[in-house]
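These are my notebook entries on a single protein chain. I set down what I looked up, entry by entry.

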Amino acid sequence: MPATKDLAVYYYDIVNSMPSAIAIVDENLCVHYVNLSFCKLFAVDEKDALDRQLFDGHAGLAQDATLTSLLTSVLAHGVTVEGYRAAF
């Protein structure tokens, strides 16, 4: 690994190359990070997804009541959601 490249850049590249959609949100469901798979799945640009409520403006997410309920119930307890399949 070249010494000139910051480890954060490698981590960013790894997460962006993952096939799973990843979003990092806070306790208020405000989006702080999304990877490329998230952007493709929900047809949103990264800049449009950041610093917004997770369900605000993401039509696919807002219409998925099961996902909305799941996330709001589990995020308060600091657990992850894996293997969810969107209904759209």
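**Entry 1: Ala43 and Asp51**

I began with Ala43, which counts as exposed because its relative accessibility is 72%, above the 50% cut-off for that class. I should record at once that the model is a predicted one. Ala43 sits in the loop between α2 and α3, the latter covering residues 46–49. I looked up its backbone torsion and found phi near 50 degrees, a positive value in a residue other than glycine. Most residues other than glycine have a negative phi.

I then turned to Asp51, where phi is near 60 degrees, again a positive value in a residue other than glycine. Asp51 belongs to the loop between α3 and α4, with α4 spanning 59–62. Its relative accessibility is 63%, so I list Asp51 as exposed.

**Entry 2: Overall composition**

I next listed the secondary structure: the protein has five helices and two strands. Read from the N terminus, the order of elements is α-β-β-α-α-α-α. Of the 88 residues, 25% count as buried. For the accessible surface of the protein I noted about 6,100 Å², with 58% of this belonging to carbon and sulfur atoms. I also looked up the contacts with a separation of 6 or more, and residues 24 or more positions apart account for 14% of them.

**Entry 3: The largest nonpolar core**

Which residues make up the largest nonpolar core? I found twelve: Leu29, Val31, Val34, Phe38, Cys39, Phe42, Val44, Ala49, Leu54, Phe55, Leu67 and Leu71. At least two residues of this core come from each of β2 (31–34), α2 (36–41) and α5 (65–75).

I picked Val31 from this core for a list of partners. With neighbours within four places in sequence left aside, Val31 is in contact with Ile24, Val25, Ala49, Leu50, Asp51, Arg52, Gln53 and Leu54. Ala49 and Leu54 from this list are also members of the core. Asp51, the exposed loop residue of my opening entry, appears among the partners of Val31 as well.

**Entry 4: Asn35 and Ser37**

Is Asn35 buried or exposed? Its relative accessibility is 1%, so Asn35 counts as buried. I located Asn35 in the loop between β2 and α2. A polar atom of the Asn35 side chain lies 2.8 Å from the backbone oxygen of Ser20. Residues up to four places away in sequence not counted, Asn35 touches Val15, Asn16, Met18, Ser20, Ala21 and Ile22.

I looked up Ser37 next, which is found in helix α2. Ser37 is buried because its relative accessible area is 14%, under the 20% cut-off. Which backbone oxygen lies 2.6 Å from a polar atom of the Ser37 side chain? I found that it is the backbone oxygen of Met18. Leaving aside neighbours within four places in sequence, Ser37 is in contact with Met18, Pro19, Ser20 and Ala21. I note that Met18, Ser20 and Ala21 are on the contact lists of both Asn35 and Ser37.

**Entry 5: Salt bridges**

How many salt bridges does the count come to? I recorded two. In one, Asp45 pairs with Lys47, the closest N and O atoms being 3.8 Å apart. In another, the side chains of Asp48 and Lys47 meet, with 3.8 Å from N to O. Asp45, Lys47 and Asp48 are thus entered as linked in a network of salt bridges.

I checked accessibility for each member. Asp45, at 44% relative accessibility, counts as partly exposed. Asp48 is partly exposed too, with a relative accessible area of 34%. Lys47 reaches 63% relative accessibility, so I list Lys47 as exposed.

**Entry 6: A nonpolar surface patch**

My last query concerned nonpolar side chains on the surface. Leu7, Tyr11, Ile14 and Met18 make a nonpolar surface patch of about 390 Å². Tyr11 is found in helix α1, residues 7–17. I list Tyr11 as exposed because its relative accessibility is 52%. Met18, a member of this patch, also offers the backbone oxygen I had noted beside the side chain of Ser37, at 2.6 Å.

How values were computed: Residues are numbered from 1 along each chain as its sequence is written. This is a predicted model: local features need pLDDT of at least 70, side-chain atom pairs count only at pLDDT 80 or more; totals for chains, interfaces and linings use all residues. Side-chain values use heavy atoms; hydrogens and water are left out. A nonpolar core is a set of buried Ala, Val, Leu, Ile, Met, Phe, Trp, Tyr and Cys residues joined through side-chain atoms within 4.5 Å. Buried means under 20% relative accessible area, exposed over 50%, partly exposed in between (1.4 Å probe, protein chains only). Helices (H or I, at least four residues) and strands (E, at least two) are DSSP runs, numbered from the N terminus. Contact means heavy atoms within 4.5 Å. A polar contact is a pair of N or O atoms within 3.5 Å; within protein, one must be able to donate a hydrogen and the other to accept it, and residues adjacent in sequence count only if both atoms are side-chain atoms. A salt bridge is a side-chain nitrogen of Lys or Arg within 4 Å of a carboxyl oxygen of Asp or Glu. Patches are made of residues with over 30% relative accessible area and no salt bridge: like charges are joined within 9 Å, nonpolar side chains (Val, Leu, Ile, Met, Phe, Trp, Tyr) within 5 Å. Accessible areas come from the Shrake-Rupley method with a 1.4 Å probe; for residues, only the protein chains shown count as cover.
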